[in-house]
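Biologist: Can you bring up the chain and walk me through it? I'd like to start with the overall layout.

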Amino acid sequence: MFLGTHQPRLDDKGRLFLPAKYREELAEGLVITKGQERCLYVFPVGEFQRITEALSTAPVTAKAVRDYSRVFFASASDETPDKQGRITIPQALRAYAGLERDCVVIGANTRLEIWDQRAWDTYLADQEQAFADLSEEVLPGIL
């Protein structure tokens, strides 16, 4: 499970230090791809395989499934962290997420998300009140 908020910086070569607490779990490899709200999703290989299997059972006759799968898989990049725990984020993914230097890496349960610092600050400011106002609609019977 991935939790927390971290604030690494991209270096001039497009590399980012993974949060130290997740390096062991991601040491064997990970997949980076486009996420919603112009962030990047970072999946451990096993979780990416689980998502791949779930999408493979979706009907290819559904246009939304085809559209989502095309973008999701075409933009995916498999990476292996170097000995310092850095990953290289491909230029196309950096451009999609607007990543320049200051980044935010958030834990999002089964994945990490990488955000541009300003984009994350804006998103969080917009969402915190909505989060505070949520009722049982999201997690009925849990909270």
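Biologist: What pattern does the protein chain follow, read along the sequence?

Modeller: The pattern is β-β-α-β-β-α-α-β-β-α-β-β-α. Helices are DSSP runs of H or I with at least four residues, strands are runs of E with at least two, and both are numbered from the N terminus. This is a predicted model, where local features need pLDDT of at least 70 and side-chain atom pairs count only at pLDDT 80 or more, while totals for chains, interfaces and linings use all residues. Residues are numbered from 1 along each chain as its sequence is written, and side-chain values use heavy atoms, with hydrogens and water left out.

Biologist: How many helices and strands is that?

Modeller: Five helices and eight strands. The radius of gyration is 16 Å, close to the 15 Å that the globule rule gives for 143 residues, so the protein chain is as compact as a globular protein of that length. The radius is taken over C-alpha atoms, and the rule is 2.2 Å times the number of residues to the power 0.38.

Biologist: How are the strands ordered in the sheet?

Modeller: Six strands form an open sheet in the order β1-β7-β8-β4-β3-β5, with antiparallel pairing. Two strands pair if DSSP finds at least two bridges between them.

Biologist: Which strands stand at the edges?

Modeller: β1 (5–6) and β5 (77–79) do; each has a single partner strand, so one side of each is left without a neighbour in the sheet. For β1, two bridges make the antiparallel join to β7, and Thr5 stands opposite Ile106 there. At the other edge, β5 pairs with β3 (residues 30–34) over three bridges, also antiparallel. Val31 has Asp78 as its bridge partner in β5.

Biologist: Back to β7. Is it mostly covered or uncovered?

Modeller: Mostly covered: four of the five residues in β7 (residues 103–107) are buried. Buried means under 20% relative accessible area, exposed over 50%, and partly exposed in between, with a 1.4 Å probe and protein chains only.

Biologist: And how many bridges join β7 to β8?

Modeller: Five, and the two strands run antiparallel; β8 covers residues 112–116. Ile106 stands opposite Glu113 in β8. The two strands form a hairpin with four residues between them, and Asn109 in the turn has a positive phi of about 70°.

Biologist: Last topic. What share of the whole chain is buried?

Modeller: Buried residues make up 36% of the 143 residues.
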